[in-house]
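Me: I'm new to this one and would like a close look at a single part: the aromatic rings and what goes on around them. Could you walk me through it?

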Amino acid sequence: MEYRLCFDTIPEQFDKWRIHYSDELFAHIIDKAHIGRNTKVLELGPGTGQATDPILDTGCDYTAIELGKNFSEILRKKYGGRGNYRLINDDFITHYFNGEKFDFIYSAATIQWIPEKVAFGKTFELLKSGGILAMMYLHGDYETPDPALFADIQKVYDKYFKPPTSYKGGFVYDNAVNYGFTELETRYFKGRREYTADEYIQYIGTHSDHITLEEPYRTPFFEGVYEAVQAHGGKVVYNDTYILKTVRKP
């Protein structure tokens with residue numbers, strides 16, 4: 001199985017536990033990009049719709065391209081009855097858009113799974129002149145709210161977290177300006193989350209390298225994290241920063 005398809009193996013868990021983005025972030029980008037009924041929008045890899053509703057609700061002409069078959073089934077059930085919604089179940093890397101152009105293209109923690117040359121080169125070609133590419137992702141901090149809990153969870157990671165394949169970052173969002181984009185802007189929006197021990201296990205189980213974790217490490221890892229959370233009051237609190245980067249095609 002291709003590594004970026006691992007999320008599609010847990011569609012219901014992903015749908016329930018993956019984070020949604022802040023209302024303030026969407027209000028900003030909708031205003032900045034003037035998204036409305038006459039706007040053609042493309043979302044890259046919407047998953048099960050974690051960043052879909054605020055944009056779709058503007059009445060825009062919305063298209064999603066989603067690689068996962070199981071994710072696509074959930075998306076069809078959620079949004080298939082919406083008149084302004086269209087879903088393409090295909091790989092953005094290889095899909096041919098037949099000359100179609102968009103006013104606004106966006107990604108919520110997806111574009112980094114695409115090779116940079118394709119990610120920026122293809123979105124640049126797909127955008128109309130003046131169009132905006134928006135890329136949002138999350139930095140979650142649970143160390144600051146409870147350093148002792150963080151330290152004990154890290155001990156579990158050090159001992160048991162040995163996935164056969166790990167997510168390798170390295171995608172540089174700011175490199176968009178090397179592909180013809182201009183007006184790079186970075187905005188930060190704050191949020192907060194709180195999980196019980198059971199909820200936290202479900203949440204971290206949606207991360208790519210956690211999904212692929214195998215025995216004999218998988219069971220003691222999740223049990224160890226659960227026990228650490230229970231020993232520190234039974235909750236995990238995150239101070240979140242939602243990061244939004246936008247660029248424009250001249």
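**A look at the aromatic rings**

Reply: Let's start with the count: the structure, which is a predicted model, holds 28 aromatic pairs. To talk about any of them, you need two things, because a pair of aromatic rings is described by the distance of the centres and the angle of the planes.

Take F104 and Y106. Their ring centres are 5.5 Å apart and their planes meet at 20 degrees, so this pair is stacked; the cut-off for that is under 30 degrees. How about their surroundings, buried or exposed? F104 has a relative accessibility of 1%, so it counts as buried, and Y106, at 0%, counts as buried too.

Now put Y195 and Y200 beside that. These two also make an aromatic pair, but a tilted one, with 6.1 Å from centre to centre and 50 degrees between the planes. Y195 comes out at 7% relative accessibility and therefore counts as buried, while Y200 is buried with a relative accessible area of 1%.

Which residues share a cluster with that tilted pair? Y195 and Y200 belong to one aromatic cluster with Y142, F150, Y203 and Y238.

Some rings have a charge for company. The charged end of K122 sits over the ring of F92, 5.0 Å from the ring's centre. Likewise, K249 has its charged end over the ring of F124, and there the distance to the centre is 4.8 Å.

Aromatic residues turn up in a helix contact as well. Helix 6, residues 147–160, packs with helix 9, residues 218–231, at an angle of about 170 degrees, and their axes are 9 Å apart. An angle over 145 degrees counts as roughly antiparallel, so that is how helix 6 and helix 9 run relative to each other. On the helix 6 side, the contact is made by L149, D152, I153, V156, Y157 and Y160, and helix 9 brings P220, F221, G224, V225, A228 and V229. Sorted by class, that contact has ten nonpolar residues, one polar and one charged.

One last stop, away from the rings, is S72, which lies in helix 4 (residues 69–79). S72 has 0% relative accessibility, so it counts as buried. Leaving aside residues up to four places away in sequence, S72 touches E66, L87 and N89.

How values were computed. Residues numbered from 1 in each chain as written. Predicted model: local features only at pLDDT ≥ 70, side-chain atom pairs only at ≥ 80, totals over all residues. Heavy atoms only, no water. Axes fitted to C-alpha atoms, helices over the stretch in contact; angles between N-to-C directions. Helix = DSSP H or I, 4+ residues; strand = E, 2+ residues; numbered from the N terminus. Parallel < 35°, antiparallel > 145°, perpendicular 65-115°, else oblique. Contact = heavy atoms within 4.5 Å. Nonpolar A, V, L, I, M, F, W, Y, C, P; charged D, E, K, R; others polar. Buried < 20%, exposed > 50% of the residue type's maximum accessible area, 1.4 Å probe, protein only. Phe/Tyr/Trp six-rings, centres within 6.5 Å; stacked < 30°, edge-to-face > 60°. Lys NZ or Arg CZ within 6 Å of the ring centre and 35° of its normal.
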